Amino acid sequence: MTDTAPSRNRRPLTLRDVSEASGVSEMTVSRVLRNRGDVSQTTRERVLEAAKDLGYVPNKIAGALASQRVNLVAVIIPSLSNMVFPEVMTGINEVLDETPLQPVVGVTNYKPEREEKVLYEMLSWRPSGVIIAGLEHSDASKAMLKAAGIPVVEIMDTDGQAIDACVGISHRRAGRKMANAILKAGYRNIGFLGTKMPLDHRARKRFEGFTEALAKEGIEIVDREFYEGGSALAKGREMTEAMLKRTPEIDFLYYSNDMIGAGGLLYCLDQGISVPGQIGLAGFNGVELLDGLPRQLATMDACRAEIGRAAARIIAERSAEDGAIGGGERIELTPKIQPGDTLRRR
């Protein structure tokens, strides 16, 4: 009869157990598991098979004590509830999957004090690098990042001074580009709907670029509406209805993101409003989830997956060079306007 009851005093497996099971020295086992040293393929396979059969997992903390670093990459982002950052994470994973590095995610909820706490906890594990959203951080967070002695890549934004490396787009340029496309299509009475911006710095920069480009042509936004909380279709419908009732002469609505823009589009279609004839609409982010809408919302691709891949490559390459710091890479990607069905083409 097989005893399936768990052992109360089962000890942790060690290198010696793998050594005995594979018939090689502990030193050889260590070399194989750390992927170091000259070991024959036959021996390597025997050791790995023995470790797998035993269920042995190497103690990375012991290795970290010697190297002062673990094979973790701290990825600090403001939210997992919107559609933006999962694509960034996909890009990061694609690259790190080919390395010994593993991403560990912390979420700040767009709060500087929360970012400080997450950063402090993650840096205490001595990761091999940090990928962090945005260029704006509290003084305490900046001090920790500068003193960490590891590669730091700030992502999503290039409008500002980076601590080390940065990968992203210019949100001010993106705002200007969309404004020029709207004006070129012949719209003049433009409303803006978006998030309250004190802590959403990238949305603020897009808005600044947008209004600057309009002002250059002697045009001002005729109405604006800001909201707090997560982006949602219902919020977009509600804001669009309020603005069109308040300012019926509007002929274009620019939304700070695609989710509220999609809500606005659905409201217009429900009301029988001609889009893009009577009113044009545009959002930002290029969210693929919205491809199933009755009309394709005009938007701008934010290069999310590419940003994730580029940031991870910087960390992986620096890690292979024993964690070289201060490389100062600056990669600015160029987002493209997707006119969809809601922006007139001339």
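Tutor: Two strands pair if DSSP finds at least two bridges between them. Strands (E, at least two residues) and helices (H or I, at least four) are DSSP runs, numbered from the N terminus. The model is predicted: local features need pLDDT of at least 70 and side-chain atom pairs count only at pLDDT 80 or more, while totals for chains, interfaces and linings use all residues. Residues are numbered from 1 along each chain as its sequence is written, and side-chain values use heavy atoms, with hydrogens and water left out.

Student: What is the order of the strands in the open sheet of 6 strands?

Tutor: Walk across the sheet from one side to the other, strand by strand. The pairing in this open sheet is parallel. Going across, you meet β2-β1-β3-β4-β5-β11.

Student: And which are the edge strands there?

Tutor: Look for strands that pair on one side only. At the two ends of this sheet, those are β2 and β11.

Student: How much twist is there from one strand to the next, on average?

Tutor: For this we use axes, which are lines fitted to C-alpha atoms (for helices, over the stretch in contact), with angles from 0 to 180 degrees between N-to-C directions. In this sheet, the twist from strand to strand averages 15°.

Student: Is strand β5 largely enclosed or open?

Tutor: Count its buried residues (buried is under 20% relative accessible area, exposed over 50%, partly exposed in between, with a 1.4 Å probe and protein chains only). A165, V167 and I169 are buried on one side, and C166 and G168 on the other, which covers both faces. With 5 of the 5 residues in 165-169 buried, the rest of the structure leaves β5 largely enclosed.

Student: Which residue of β11 is the bridge partner of V167?

Tutor: β5 pairs with β11 (residues 330-332) in the parallel sense, over 3 bridges. Along that pairing, G168 sits opposite E332. V167, in turn, has as its partner I331.

Student: Which residue stands opposite G168 in the pairing of β4 with β5?

Tutor: β4 (residues 152-157) runs parallel to β5, with 5 bridges joining them. Across from G168 you'll find M156.

Student: Which residues of α6 are exposed on its other side?

Tutor: Start with the buried ones: E115, V118, L119, M122 and L123. Their cover includes β1 (72-77), β2 (102-107), β3 (129-133) and α7 (139-147), going by contact (heavy atoms within 4.5 Å). Over on the other side, the exposed ones are E113 and Y120.

Student: Now the open sheet of 4 strands: which are its edge strands?

Tutor: Its pairing is parallel and the order reads β7-β6-β8-β9. Each edge strand pairs on one side only, and they are β7 (223-227) and β9 (280-282).

Student: Which residue of β9 stands opposite Y254?

Tutor: Strand β8 (residues 252-255) runs parallel to β9, and 3 bridges join them. Opposite Y254 sits A282.

Student: At about what angle does α8 run to β8?

Tutor: Helix α8 covers residues 171-184. This helix lies across β6 (190-195), β8 and β9. Compared with the direction of β8, α8 runs at about 165°.

Student: And what angle does the direction of α9 make with that of β6?

Tutor: Helix α9 (residues 201-216) packs on this sheet too, touching β6, β7 and β8. Set against β6, its direction makes an angle of about 170°.
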